[in-house]
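Work through the exercises below with the sequence and the 3D structure in view. Try each task before reading its solution.

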Amino acid sequence: MSGYITILRGLEPAATEQEIYAAAQEFVRKVSGVSGLTTATKPAVDKAVEAIAAATTQLLAELPDTRVHAAASDEPPSRRRAARDAD
């Protein structure tokens, strides 16, 4: 799908609000086919992103806190960039 739609559960440290929001934005962009916002599409897209980010936050909070993956390539892109820049 996309680099931002990755496993957010079990990250150490936990997924940030920004990572959750980025995944929600990418999900909405993919399912809606809206790649650029206009005054006609922005309200609906913003509302959907907020709802999906809230649902994702709630889901992650309710699932058992277990690391479900270990591969660095599965981490959100912002973490991969940060690790690459630190080298």
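## Exercise 1: A charged pair in the first helix

Arg29 is partly exposed, because its relative accessible area is 33% and the class covers values between buried (under 20% relative accessible area) and exposed (over 50%), with a 1.4 Å probe and protein chains only. The model is predicted: local features need pLDDT of at least 70, side-chain atom pairs count only at pLDDT 80 or more, and totals for chains, interfaces and linings use all residues. Residues are numbered from 1 along each chain as its sequence is written, and side-chain values use heavy atoms, with hydrogens and water left out.

Task: state which residue forms a salt bridge with Arg29, and classify that partner as buried or exposed.

Solution.

1. A salt bridge is a side-chain nitrogen of Lys or Arg within 4 Å of a carboxyl oxygen of Asp or Glu. Side chains of opposite charge can pair when their charged atoms come close.
2. The partner is Glu26, and the closest N and O atoms are 2.7 Å apart.
3. Place the pair: Glu26 and Arg29 both lie in helix H1, 3 residues apart, which is about one turn of the helix. Helices (H or I, at least four residues) and strands (E, at least two) are DSSP runs, numbered from the N terminus.
4. Glu26 has a relative accessible area of 11%, so Glu26 is buried.

## Exercise 2: The other salt bridge

Task: a search of the whole structure finds 2 salt bridges. Describe the one formed by Asp46.

Solution.

1. Asp46 pairs with Lys42, with the closest N and O atoms 2.5 Å apart.
2. The two residues sit 4 residues apart in helix H2 (residues 42–62), so about one helical turn separates them.
3. Asp46 has a relative accessible area of 25% and is therefore partly exposed.
4. Lys42 is partly exposed too, because its relative accessible area is 40%.

## Exercise 3: Helix H1 and Glu19

Task: compare the span of H1 with the expected value, then describe the surroundings of Glu19.

Solution.

1. H1 has 16 residues. The expected span of a helix is 1.5 Å times one less than its number of residues.
2. From first C-alpha to last, H1 reaches 22 Å, close to the expected 22 Å.
3. The buried residues of H1 are Glu19, Ile20, Ala22, Ala23, Ala24, Glu26 and Val28.
4. Glu19 lies in H1, which runs over residues 17–32. Its relative accessibility is 7%, so Glu19 counts as buried.
5. A polar atom of the Glu19 side chain lies 2.9 Å from the backbone nitrogen of Thr16.
6. Contact means heavy atoms within 4.5 Å. With neighbours within four places in sequence left aside, Glu19 is in contact with Leu8, Leu11, Ala14, Pro76, Ser78 and Arg79.
7. Just after H1, Gly33 takes a positive phi of about 80°.

## Exercise 4: Before H1 and between H2 and H3

Task: identify the form of the peptide bond from Glu12 to Pro13, and locate Thr66 in the chain.

Solution.

1. The bond from Glu12 to Pro13 is cis, with omega near 0°. Most residues other than glycine have a negative phi, and most peptide bonds are trans.
2. Pro13 belongs to the segment before H1.
3. Ile5 also lies in the segment before H1. At 31% relative accessibility, Ile5 counts as partly exposed.
4. Thr66 is in the loop between H2 and helix H3 (77–86). Its relative accessibility is 38%, so Thr66 counts as partly exposed.
5. Thr66 and Glu12 are 54 residues apart along the chain, and their C-alpha atoms are separated by 9.9 Å.
6. Leaving aside neighbours within four places in sequence, Thr66 is in contact with Arg9 and Gly10.

## Exercise 5: The whole chain

Task: summarise the chain by helices, strands and contacts.

Solution.

1. The chain has 3 helices and 0 strands, and its pattern along the sequence is α-α-α.
2. Of its 87 residues, 22% count as buried.
3. Among contacts between residues at least 6 apart in sequence, 70% join residues at least 24 apart.

Key: Polar contact = N/O pair within 3.5 Å; in protein donor to acceptor, adjacent residues only side chain to side chain.
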